[in-house]
Amino acid sequence: MTRSTPMAARRAWRAAAACVCTLGLALLAACAPSRDTRTTITFWAMGREGEVVAELLPEFERRHPDIRVRLQQLPWTAVHEKLLTAFAGDALPDVGQLGNSWVAEFAALDALEPLDARVAASSVVARDDYFPGIWDTNVIDGATLGVPWYVDTRLVFYRKDLLAEAGFDSPPRDWDEWRRAMAAVKQLGGAKNYAILLPLDEFGPLLSLAIQKDAPLLKDDDTRGNFSSADFRDSFDFYTGMFASEWAPRMSDTQISNVWNEFSRGFFAFYINGPWNIGEFQRRLPADFQDKWTTMPLPGPDGAGASVAGGTSLVVFRQSDKQDAAWKLIEYFAEPAVQLRFHELTGDLPPRRSVWSDPQLADDRHAAAFREQLERVKPTPKVAEWERIVIEMQRAAERVARGGADPAKTLAALDREVDAILEKRRWILEHRKEAAP
Amino acid sequence: MSPNRAAWLFVTPALAVIGVFFLLPVLAAFALSLTDFDLYALADRDNLRFVGLGNYLDLLRTPMFWQSLGNTFYFVLVGVPLSIAVSLAAALLLDSKLARFKGFFRTALFAPVVTTIVAVAVIWRYFFHTRYGLVNYTLDLVGIPPIDWLGSADWSMPTIILFAVWKNFGYNMIILLAGLQAIPHDLYEAARIDGASFWKQLRHITLPMLKPTMLLVAIITTSGYFQLFAEPYVMTRGGPLQSTTSVLYFMFEEGFKWWNLGRASAVAFLLFALILGVTALMLRLGRRGEQP
Amino acid sequence: MNPRLAKVLVNGLLIGFAIVSLAPLAWMLSVSFMPAGEASAFPPPLLPSSPTLANYTQLFERDGMGRYLANSAFIASAVTLLSLAFNLAAGYAFAKLRFKGRERLFKTLLGALVIPAQVAMIPLFLLMKSLGLVNSYGGIIVPAMAGIFGIFLVRQYARSIPDELLEAARIDGAGELRIFARIVLPLLKPIIVTLAIFTFLASWNDFMWPLIVLSDQTYQTLPVALASLSREHVMDNELMMAGSVVTITPVLLLFLVLQRYYIQGLLLGSVKG
């Protein structure tokens, strides 16, 4: 052992050194500045859109030979984290896709470039053509900070055949009808199947139900939680009641191995989700299954209800020094023809009315419910802390639905937590008031 | 060049790196923990406030902090003894004169230690899948109904403990094996002549002789286990019902997800104080036993 | 107990241990060759019905695994080389050269060993930001250029170098640098290999800090990329297994080749205090 040591060591040492040198050289070569004179803009896009949008970029680069787009795809589950990290580390891109409920947050950080002048001067981005509720989510304190890219409002995918079997020929329009339908479907399906799928780690469904009520989710100029209100309690009870009645399985996203298969197997009959799933359901499920499902507007407490004004916007980040090129990319994506192509590729719904009049969308029966819902969307509170608040809201719901906690106490605790989260916001508002003459 | 100057030439580069990139940040972390440094302050320094011990007091009133503390203690109190027991068993087997192919077994048992935690956590996530995992399949063969390992708040932490033990026992096994090999053989010879059984030898010779090594192993493992992070990050994202959110995971979320850097620094310091306190206590208890 | 029975028992238990240790790794390898969707079945299949490299092709061609592999290799190599240089010099000086305040300084360093690295992370991020090193290789490499543990390891080993050897060289008129390069380094070779493999593995497997500092895919290391892929492709079992194979294999091979040095370092490092 002792004799072989120096030899083996020397050999290993040399091999390692050789490896490192080769690698280092290879990387240096890869990083060497290329002699490209075009303006390179960095564009961050998320999830499936990030994968698909790559197909639209060559056309843009053909039309603008002086601009090169470097596309970065971020996984949806980590986007928010990544964006904030990039902000904290001064590493934001030139242009990016931003969930429209995050616009307020990045506005508070002063990370977004106001676009009003550019919108006014643009021949492509026609403000009046956009759904007002959606456009409004991009306006913070009077400044337009983003241009809607696609819209996303939550509605219900459901199994027509199962509902008919349970004795309902038309979809439920309000909560009471919905409750009866779910009870009937559950009875039909037995112990192993459920009426509705509400993944316990997704805040979308509860938020959609909560926003249908009149009481705002935050009060006092959005500086305190309003989750103990009677209105929120109604939505909350409706939501958690679905678990208590065994209409919904107590499951998280990671526990459901394949949503589409489970839907076709009749594991659940209702599913609250976004428009991108129209395409997924069409593609992933067999042809003979296609007339067994469709979509319906989200039933409201009394009759057709509102839903969340969701979706994503394209924004120019303030510290970018290539804002002109970045704006050109946004204009390109706003063109009706490009929007239509994007819809074909992703199933995402366009935010412009003119695009909806194209037969491809106008004749889509699954999309019709979304079209109807889009005229009745409501924005979520525009505070920087919203993402965190809504996650705490969902955790509270999970504690009641899964852990059997007391709703009144849980919601009171939630309000306390939210008040603590908003403490800094209250201080800053005070501070500004004092600073103003 | 004088030896004194040469010495400084040798130590300065390393000390500078450690000083600037470790010790200085540690001090800065304490300063930061006395402020409410957050995203607002990152955007505009005017939004920074000095809050004294406010962050610390605040944390003590935050239910999530207590829960993460409870989860971490659960992990440490069950995980550390289990881990050491398994390591000791493996070391005793490897030390046994009856064992064959010792080199092979030593390598095989140690292999999980060098693997990348994220990669093996991905494997285990599927291994413990409720419906398609090999573990539930094996249980099914002996007639045990499937367990929702990572999906139920009762089983998630035990699953992570099992994973951590699998991943880490080889490390302590090597140290304990060295400790076992250092025990003089004539002690066992004498015991054997007296007709002492294996268990008697273990209790009266092996364990007492191994005590210093055990103490060391226990301290290293404890301080390591307090720093639980990657396992829940990959396997459960802290859930379900926050049952696998450790203190460090809580700090990561506060700091690098929500960017409440002041508060996160306070969490880091509380964790540090905790580790220091617990290991000091262990050292003290261990030493006291030495001089009866 | 019957000695033969005891022998069977001891070896049987060892085989059991080995199976538990290796089975997940073997299963990972097997699943990585399965076509998409095959592993999600009950009972879970142990071997691929028709082995395919499709998962690997997809990882490298679509998901940029080659880039992550190169990033990991580059970062781990750079950290290893640089930290070797810094730690060897310092460890040797603490062991063999006399200077004022040496013992006190070393005690301070040892004391700092109890501080968990995470305590420093938040200010370190801000420091890296002001140095412009966030989202770059430097963000990982620079803070890792020296380590207390490495210095400690070298010092433990270097203490066994006889003083007479160094004195003789000094009398012959050799300078300190020359002594270090010509006499000390060759004697330290075993610990150099040990420290190198230790550092390389630790850097390769590191997760939390790279996760924080590298948000840009261009610079991400394998563990960070794998974690993000596995969150996005929760349902793609087979693909993730292939990713795990790519991540684990290099370090496992390195360990198998140099395990003697690794274990030596582990034992040396654990006799502190």
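**Entry 1: a leucine in chain A**

I started with A:Leu115, which is buried, with 23 other C-beta atoms within 10 Å. A reminder to myself: this is a predicted model. I looked up where A:Leu115 sits, and its place is in the loop between H5 and helix H6 (116–121) of chain A. Which residues does A:Leu115 touch, leaving out those up to four places away in sequence? I found A:Thr144, A:Leu145, A:Val147 and A:Val316. I also checked A:Leu115 against A:Asp176: the two are 61 residues apart in sequence, and their C-alpha atoms are 44 Å apart in space.

**Entry 2: chain A as a whole**

Next I stepped back to look at the chain. I noted 21 helices and 17 strands in chain A. Along the principal axes, the C-alpha atoms of chain A fill a box of roughly 75 × 75 × 55 Å. Chain A has 437 residues, and 44% of them count as buried. I then took the contacts in chain A between residues at least 6 apart in sequence, and 77% of these join residues at least 24 apart.

**Entry 3: two domains in chain A**

How is chain A divided by the domain assignment? I wrote down domain 1 as 39–152 + 309–374 and domain 2 as 155–306 + 382–431. The centres of domain 1 and domain 2 of chain A, taken over C-alpha atoms, are separated by 27 Å. Where the domains of chain A meet, 21 residues of domain 1 are in contact with 16 residues of domain 2. On the domain 1 side, helix H5 (103–108) and helix H18 (365–374) of chain A each supply at least two residues. The largest share of that side comes from H18(A), with seven residues. I sorted the domain 1 side by class and got eight nonpolar, seven polar and six charged residues.

**Entry 4: an aspartate with positive phi**

I turned to A:Asp90, whose phi is near 55°, a positive value in a residue other than glycine. A:Asp90 lies in the loop between helix H4 (79–88) and strand E3 (95–99) of chain A. Is A:Asp90 buried or partly exposed? I have it as partly exposed, with 13 other C-beta atoms within 10 Å.

**Entry 5: a leucine in chain B with positive phi**

Over in chain B, I looked at B:Leu241, and its phi is also near 55°, a positive value in a residue other than glycine. The loop that holds B:Leu241 runs between helix H11 (230–235) and H12 of chain B. B:Leu241 counts as buried, because it has 21 C-beta neighbours inside 10 Å and the cut-off for buried is 20 or more.

**Entry 6: where chain B meets chain A**

I counted the contact between these chains next: 18 residues come from chain B and 19 from chain A. Helix H2 (39–43) and helix H12 (247–257) of chain B each supply at least two residues of the chain B side. H2(B) gives the most to that side, with four residues. By class, I have nine nonpolar, five polar and four charged residues on the chain B side.

**Entry 7: where chain B meets chain C**

How many residues of chain B are in contact with chain C? I got 75, and they meet 74 residues of chain C. On the chain B side, helix H1 (residues 3–33) of chain B gives the most, with 20 residues. The chain B side divides into 64 nonpolar, nine polar and two charged residues.

**Entry 8: the largest nonpolar core**

I then went for the largest nonpolar core, which has 291 residues. The members that touch the most others are A:Ile196, B:Ala14, B:Val118, B:Ala121, C:Ala90 and C:Ile197. Helix H3 (residues 65–96) of chain C gives the most to this core, with 16 residues. Both domain 1 and domain 2 of chain A give residues to this core, so it lies between them. I picked B:Ala121 for a closer look: leaving out residues up to four places away in sequence, it touches B:Phe163, B:Ala230, B:Glu231, B:Val234 and B:Met235.

**Entry 9: two helices crossing in chain C**

Last, I checked helix H7 (residues 148–158) and helix H13 (residues 237–269) of chain C, whose axes come within 10 Å and cross at roughly 90°. That crossing makes H7(C) roughly perpendicular to H13(C). Which residues meet there? From H7(C) I listed C:Phe149, C:Leu153, C:Gln156 and C:Tyr157, and from H13(C) C:Gly265, C:Leu268 and C:Gly269. By class, this contact of H7(C) with H13(C) has four nonpolar, three polar and no charged residues.

Conventions:
Residues are numbered from 1 along each chain as its sequence is written. Chains are lettered from A and ligands numbered from 1 in the order in which they are written. This is a predicted model: local features need pLDDT of at least 70, side-chain atom pairs count only at pLDDT 80 or more; totals for chains, interfaces and linings use all residues. Domain bounds come from an automatic or database domain assignment. Two residues are in contact if their C-beta atoms, placed from the backbone, lie within 7 Å. Ala, Val, Leu, Ile, Met, Phe, Trp, Tyr, Cys and Pro count as nonpolar, Asp, Glu, Lys and Arg as charged, and the others, Gly among them, as polar. A nonpolar core is a set of buried Ala, Val, Leu, Ile, Met, Phe, Trp, Tyr and Cys residues joined through C-beta atoms within 7 Å. A residue is buried if 20 or more other C-beta atoms lie within 10 Å of its own, exposed if 12 or fewer, and partly exposed in between; C-beta atoms are placed from the backbone. Axes are lines fitted to C-alpha atoms, for helices over the stretch in contact, and angles run from 0 to 180 degrees between N-to-C directions. Angles under 35 degrees count as roughly parallel, over 145 as roughly antiparallel, 65 to 115 as roughly perpendicular and the rest as oblique.
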